[in-house]
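Trainee: I'm new to this one. Could you walk me through how the contacts get their names?

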Amino acid sequence: MPDQYPGTRALSDAALRETLDLLGQVVASMSARIDTQGEKIDEQERLIVMMMEALADTREAAHRAAKQTDAKTYAGQMVEALDANLDPLFRKLQNAIDGLYRQHNDTGHRLRQLEQAEHEGLDKLRQELADASAWRRKVPVIWAGAAGLAVVLTVGLSLFFSA
C-alpha cells in the first residue's frame, strides 16, 4: 500500500510542523475541555453525594417523626405516664377500700354481738317477767295465808291471854 493517497501531495516540512502544531493545540484544547468536563463531573458527583446524604437525613428525620407521632408508641407513652401519675392515687383508693371493707366487717361483727346481747337481754327480761308473773299469782295466796295467820294468831292470842 502506498503511503500516499492518489491525487494528494506530500506536505512540506513547514506545513507538516504547522499541522502538527495545530493538532497539538487541538489536543491541548480537547484535553483542557476534557479536564473541565471532568471537574464539572466531579462537582456534580459531590453535589449528588450531598443530595443523597441530605435525602438520607430527610428520610431518617421522617422515620423519627413517624415514630414520634405513631399512635401506638404515643399511646404506650401516655399509658406509662398515666400509670406513673395514677398509681399512687390507685394505691390510696385501694387502701381506702380495704379500710372500708375492714370497717364493714368489724361493724357486722359488732352488730351481731349487739343482736346477741339484745336477744340475751330480751330472754332475761322475759324470764324476769315470767318470774314476776308467777310471783303475782302467788301474792294472793301469800296475802290469804298472811290474813289467815293473822286471824289464827289473833284468835289464838286472844284465847291465850283470856285464859
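Mentor: Sure, start with Glu60 and Arg64, whose side chains meet in a salt bridge at 2.9 Å, N to O. This is a predicted model, so local features need pLDDT of at least 70 and side-chain atom pairs count only at pLDDT 80 or more, while totals for chains, interfaces and linings use all residues. Residues are numbered from 1 along each chain as its sequence is written, and side-chain values use heavy atoms, leaving out hydrogens and water.

Trainee: Why is the contact between Glu60 and Arg64 called a salt bridge?

Mentor: The term asks for a side-chain nitrogen of Lys or Arg within 4 Å of a carboxyl oxygen of Asp or Glu. Glu60 and Arg64 come to 2.9 Å, N to O, so the pair qualifies. They sit 4 residues apart in helix H1 (residues 13–68), about one helical turn; helices are DSSP runs of H or I, at least four residues, numbered from the N terminus.

Trainee: What makes Glu60 partly exposed?

Mentor: Its relative accessible area is 45%, and partly exposed lies between buried (under 20%) and exposed (over 50%), using a 1.4 Å probe and protein chains only. Arg64, at 46%, is partly exposed too.

Trainee: What makes Arg126 exposed?

Mentor: Arg126 has 52% relative accessibility, so it counts as exposed. Its salt-bridge partner is Asp123, with the closest N and O atoms 3.0 Å apart. Asp123, at 45%, counts as partly exposed.

Trainee: How many salt bridges does a search of the whole structure find?

Mentor: It finds 4, including the one between Arg110 and Asp106 at 3.3 Å, N to O.

Notes. Helices (H or I, at least four residues) and strands (E, at least two) are DSSP runs, numbered from the N terminus.
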